[in-house]
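Biologist: I'd like a close look at one part of this model, starting from a single residue and working outward from there. Could you walk me through what sits around it, and then carry on to the other spots you'd point out on screen?

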Amino acid sequence: MVTWNAEQYLKFADERSRPCRDLIGRIALGAPKDIVDLGCGPGNSTAALVKRWPEAEITGLDSSAEMIASARGAYPEQQWIEADISTWKATKPVDLIFSNAALQWVDRHEQLLPRLMVMLNPGGAMAVQMPANYHTAPAHRAMRELAAGGRWRDKFPSEVRRWHCHEPDFYYGVLQTVSPKLDIWTSEYIHILNGHEDIVQWYIGTGLRPYLEVLAESERKDFIAAYQKRITADYPRQPDGHVLFPFRRLFFIAYR
Ligand SMILES: C[S@@+](CC[C@H](N)C(=O)[O-])C[C@H]1O[C@@H](n2cnc3c(N)ncnc32)[C@H](O)[C@@H]1O
């Protein structure tokens, strides 16, 4: 079970919230009354939804008790539910199901997405963003390769995590029969970071977590140091010392 740390996740709050704002900006709904934010984390995606639709009833849902506690502390006026997306069922139809940077942790999208669509009111929408760089980004490849070789191989006898973001044609195939209007796109953001240490810190908040949880406390520092060394050549420093960190993301909005 992967645990989450809200403080670590929020270190890159600005970079992480931009795709969320971009997705919200593209949702063509007038005044949705009931909204649910699946995998709401510490509540920043939920807060962005509140900003666009202040009159709506908005519920944030997350399976991490720590994330829900952090969200509740920051935004006590909202409703928060601790639950698992893969088994959650809305108690009444909603107008918008929103999920920013969470569904890649959930399996079997070909079953999950049609199931979620049924929970929408007619005219409602499901809007999703996920990182779409697992197979291509050197930063992800480095985690997998590091865990599969040398002194680390025995610590990770099986695949540490699976990533559940597919290419656009997969989502078209799954959603076109249940949605008369679909919007699907990808964007590559270029984050300008201070150094390789920032890439490491970025992933300690997300993708490296499942690896670090397998290791003993005493081994984590070495794993992180080896990881940082490995990614250094893949992300060359700019003449002014900054490091460019490209990040591809997939978006879709399925209207019902
Ligand atoms: C990367 S964070 C995204 C947080 C927030 N949506 C945002 O935009 O900043 C991913 C969140 O998904 C949650 N999550 C992962 N798997 C989940 C599941 N099966 N059910 C509910 N939440 C889940 C994690 O606990 C984490 O808070």
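**A buried phenylalanine and beyond**

Modeller: Let's start with Phe251, which counts as buried because 21 other C-beta atoms lie within 10 Å, and the cut-off for that label is 20 or more. Keep in mind that this is a predicted model. Phe251 belongs to strand 7, which covers residues 243-255. What does Phe251 touch, once its neighbours within four places in sequence are set aside? The contacts are Leu23, Gln129 and Trp185. For a sense of distance, take Ser86: Phe251 is 165 residues away from Ser86 along the chain, and their C-alpha atoms are separated by 19 Å.

One of those contacts of Phe251, Leu23, gives us a way into helix 2, which runs over residues 13-26. So let's move there. The axis of helix 2 comes within 10 Å of the axis of helix 3 (residues 44-52), and the two cross at roughly 40 degrees. That angle is why helix 2 is described as oblique to helix 3. As for handedness, helix 2 passes helix 3 in a right-handed crossing. If you want to click through the contact, the helix 2 side has Ala13, Ser17, Cys20, Arg21 and Ile24, and they meet Asn44, Ser45, Ala48, Leu49 and Arg52 in helix 3. Sorted by class, the contact of helix 2 with helix 3 comes to five nonpolar, three polar and two charged residues.

Now stay on helix 3 for a moment. Which of its residues are buried? They are Asn44, Ser45, Thr46 and Leu49. Asn44, Ser45 and Leu49 also turn up in the contact with helix 2. The buried residues of helix 3 have several packing partners: helix 2, strand 1 (34-38), strand 2 (57-62), helix 4 (65-74) and strand 4 (94-100).

That brings us to the ligand. Helix 2 and helix 3 each put at least two residues into the shell around the ligand. There are 21 residues around the ligand, and the ones that come nearest are Gly39, Gly41, Ser45, Ser63 and Ala102. You've met Ser45 already, as one of the buried residues of helix 3. By class, the shell splits into nine nonpolar, nine polar and three charged residues.

Follow strand 4 out into the loop that leads to helix 5 (109-117) and you get to Ala101. Most residues other than glycine have a negative phi. Ala101, however, has a positive phi of about 60 degrees, although it is not a glycine. Is Ala101 buried or exposed? Ala101 is buried, because 21 other C-beta atoms lie within 10 Å. Arg108 is placed in the loop between strand 4 and helix 5 too, and Arg108 also has a positive phi, near 50 degrees, without being a glycine. The surroundings of Arg108 are another matter: Arg108 counts as exposed because it has 10 C-beta neighbours inside 10 Å.

From helix 5, hop across to Val174, which lies in helix 7 (residues 168-175). Leaving out residues up to four places away in sequence, Val174 touches His109, Glu110, Leu113 and Pro114. Val174 counts as buried because 20 other C-beta atoms lie within 10 Å; with the cut-off at 20 or more, that count just qualifies. Along the chain Val174 and Gly60 are 114 residues apart, and 25 Å separates their C-alpha atoms.

One more pair of helices to finish. Helix 8 (residues 196-204) and helix 10 (residues 217-232) have axes that come within 9 Å and cross at roughly 125 degrees. Helix 8 and helix 10 are therefore oblique to each other, and their crossing is right-handed. Helix 8 brings His196, Glu197, Ile199 and Val200 to this contact, while helix 10 brings Ile224, Tyr227, Gln228, Ile231 and Thr232. The class tally for helix 8 with helix 10 is five nonpolar, three polar and one charged. Pick out Thr232 of helix 10: Thr232 is partly exposed because it has 15 other C-beta atoms within 10 Å. Between Thr232 and Met126 there are 38 Å from C-alpha to C-alpha, and the two are 106 residues apart in sequence.

How values were computed:
Residues numbered from 1 in each chain as written. Predicted model: local features only at pLDDT ≥ 70, side-chain atom pairs only at ≥ 80, totals over all residues. Axes fitted to C-alpha atoms, helices over the stretch in contact; angles between N-to-C directions. Helix = DSSP H or I, 4+ residues; strand = E, 2+ residues; numbered from the N terminus. Parallel < 35°, antiparallel > 145°, perpendicular 65-115°, else oblique. Left-handed = near helix turned anticlockwise from the far one by under 90°. Contact = placed C-beta atoms within 7 Å. Nonpolar A, V, L, I, M, F, W, Y, C, P; charged D, E, K, R; others polar. Near = placed C-beta within 6 Å. Buried ≥ 20, exposed ≤ 12 C-beta atoms within 10 Å, placed from the backbone.
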